[in-house]
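Please look over the structure below. A short report on its interface, one of its chains and its charged pairs follows.

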Amino acid sequence: MLSAGPTPKVPLDSWEFVITTETGAEYRWSWSELMALPQETPRVDIHCVTRWSKLGTTWQGVSLDTLLDGIDTDAAYVLAHSYGGYTTNLPLDDLRGGRAWVAHTFEGGDLPAEHGGPARLLVPHLYFWKSAKWVRGLRLLSADQPGFWETAGYHDYGDPWREQRYQGD
Amino acid sequence: MTDMSYLDGNMLDAPLRELFAVDLSGAVGRCENCGAVGPMGTLRVYSHAPGLIGRCPSCAQVMLRFVRSPNWARLDLRGTTFLQVPMPLDQPHPGPI
């Protein structure tokens with residue numbers, strides 16, 4: 001379990017998830033609104049940059065396809081941001097196609113705060129630092145903008161199969 | 001903000017000794033966010049992460065990020081206004097240098 005700081009405690013009654021487009025339009029979901037959306041139960045392998053993998057993990061959450069549906073954008077990149085201040089960048093296409101979720105349940109139970117609960121980004125085909133814990137929203141961007149670890153030298157994409165740990169890998 | 005999963009900043013001495021010719025164990029830094037000035041050894045260091053994160057003991061904002069790859073080391077100090085390092089001159093001097 002990796003963390004860059006103290007674990008934020010986010011009460012569900014004030015939790016929200018916000019997608020902000022490159023033109024400044026905002027799309028917001030409260031916790032109850034998130035729960036009312038169609039839920040998926042992905043079973044996926046996850047890969048940490050510190051060289052461990054965990055196979056066959058089961059999550060529940062809302063697909064980013066569902067959240068992005070109907071949002072008018074020409075953005076190519078996303079900066080995910082979290083309660084507690086963490087950020088990470090990803091190409092928008094990597095959040096589409098059934099490959100990314102806002103996950104709130106892990107192995108049948110509420111996602112514990114130390115693992116990113118109440119909800120975290122789940123993008124299992126990239127290194128797990130891209131799966132932002134305590135996710136609060138996405139900023140859709142025309143140009144790539146490095147996040148917390150990426151500005152410190154980690155890879156902007158982070159493909160575990162190509163071992164893209166550091167910039168230049 | 002409840003967890004205590006950090007180390008004290010003195011653990012940074014060894015990783016940073018690779019990077020600096022001066023000994024930073026006695027260094028004092030100023031937090032850009034809250035202005036607190038104190039020994040870098042009092043930072044709260046989160047090491048269970050892809051790199052090392054040093055947070056201000058007063059406001060918890062990030063003052064230092066250190067990433068060591070197989071080929072390079074990167075120190076990001078954007079949350080630190082200054083680092084003051086003990087560096088006595090070899091000879092006493094009477095006035096401004």
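Which backbone oxygen lies 3.4 Å from a polar atom of the side chain of Lys130(A)? The oxygen belongs to His155(A). This is a predicted model, and every value here is computed from it.

**Around Lys130(A)**

Lys130(A) sits in the loop between strand 9 and strand 10 of chain A. Lys130(A) is buried, because its relative accessible area is 0% and the cut-off for buried is under 20%. Its side chain also has a second backbone oxygen at hand: that of Asp156(A) lies 2.7 Å from a polar atom of the Lys130(A) side chain.

Lys130(A) forms a salt bridge as well. Its partner is Glu150(A), with the closest N and O atoms 2.7 Å apart. Glu150(A) lies in the segment after strand 10 (135-141) of chain A, while Lys130(A) lies in the loop between strand 9 (120-122) and strand 10, so the pair ties together parts that are 20 residues apart in sequence. Glu150(A) also counts as buried, at 0% relative accessibility.

Which residues touch Lys130(A), leaving aside its neighbours within four places in sequence? Thr88(A), Asn89(A) and Leu90(A) are in contact with Lys130(A). So are Leu121(A) and Val123(A). The remaining contacts are Glu150(A), His155(A), Asp156(A), Tyr157(A) and Gly158(A). Glu150(A), the salt-bridge partner, is thus in this list, as are His155(A) and Asp156(A).

**Salt bridges**

How many salt bridges does the structure hold over all chains? The count is 9. Side chains of opposite charge can pair when their charged atoms come close. Three of the pairs are set out here.

| Pair | Closest N and O atoms |
|---|---|
| Arg28(A) and Glu16(A) | 2.7 Å |
| Asp94(A) and Arg99(A) | 3.9 Å |
| Glu150(A) and Lys130(A) | 2.7 Å |

Take Arg28(A) and Glu16(A), whose closest N and O atoms are 2.7 Å apart. This pair links distant parts of the chain: Arg28(A) is in strand 2 (residues 26-30) of chain A and Glu16(A) in strand 1 (residues 16-20), 12 residues apart. Arg28(A) is partly exposed, at 44% relative accessibility. Glu16(A) is partly exposed too, with a relative accessible area of 26%.

Asp94(A) and Arg99(A) are another pair, at 3.9 Å. Is Asp94(A) buried or exposed? Asp94(A) counts as buried, at 6% relative accessibility. Arg99(A) counts as partly exposed, at 34%.

Back to the third row of the table: Lys130(A) counts as buried, at 0% relative accessibility. Elsewhere, salt bridges that share partners join Glu16(A), Glu26(A) and Arg28(A) into one network.

**Pro160(A)**

Pro160(A) lies in the segment after strand 10 of chain A. Pro160(A) is buried, with 9% relative accessibility. Not counting residues up to four places away in sequence, Pro160(A) touches His47(A), His125(A), Leu126(A) and Tyr127(A). What separates the C-alpha atoms of Pro160(A) and Phe128(A)? The separation is 9.0 Å, for residues 32 apart along the chain.

**Where chain A meets chain B**

The contact draws 19 residues from chain A and 21 residues from chain B. Which three residues of chain A supply 29% of the area that it buries against chain B? They are Pro6(A), Trp149(A) and Tyr166(A), and they give more than any other three residues. Between them, the two chains bury about 1,800 Å². Carbon and sulfur atoms account for 61% of that area.

What polar links cross between chain A and chain B? There are 6 residue pairs in polar contact, both residues being at pLDDT 80 or more. By class, the side of chain A that touches chain B has 11 nonpolar, 6 polar and 2 charged residues. Across this interface the rule finds 0 salt bridges.

**Chain B**

Chain B has 1 helix and 8 strands. From the N terminus on, the order is β-α-β-β-β-β-β-β-β. Of the 97 residues in chain B, 33% are buried. The accessible surface of chain B comes to about 5,800 Å², with 55% belonging to carbon and sulfur atoms. Among contacts in chain B between residues at least 6 apart in sequence, 50% join residues at least 24 apart.

Definitions and conventions:
Residues numbered from 1 in each chain as written. Chains lettered and ligands numbered in written order. Predicted model: local features only at pLDDT ≥ 70, side-chain atom pairs only at ≥ 80, totals over all residues. Heavy atoms only, no water. Contact = heavy atoms within 4.5 Å. Buried area = accessible area lost by both parts, 1.4 Å probe. Salt bridge = Lys/Arg side-chain N within 4 Å of Asp/Glu carboxyl O. Polar contact = N/O pair within 3.5 Å; in protein donor to acceptor, adjacent residues only side chain to side chain. Nonpolar A, V, L, I, M, F, W, Y, C, P; charged D, E, K, R; others polar. Helix = DSSP H or I, 4+ residues; strand = E, 2+ residues; numbered from the N terminus. Buried < 20%, exposed > 50% of the residue type's maximum accessible area, 1.4 Å probe, protein only. Areas by Shrake-Rupley, 256 points an atom, 1.4 Å probe, with all protein chains shown as cover.
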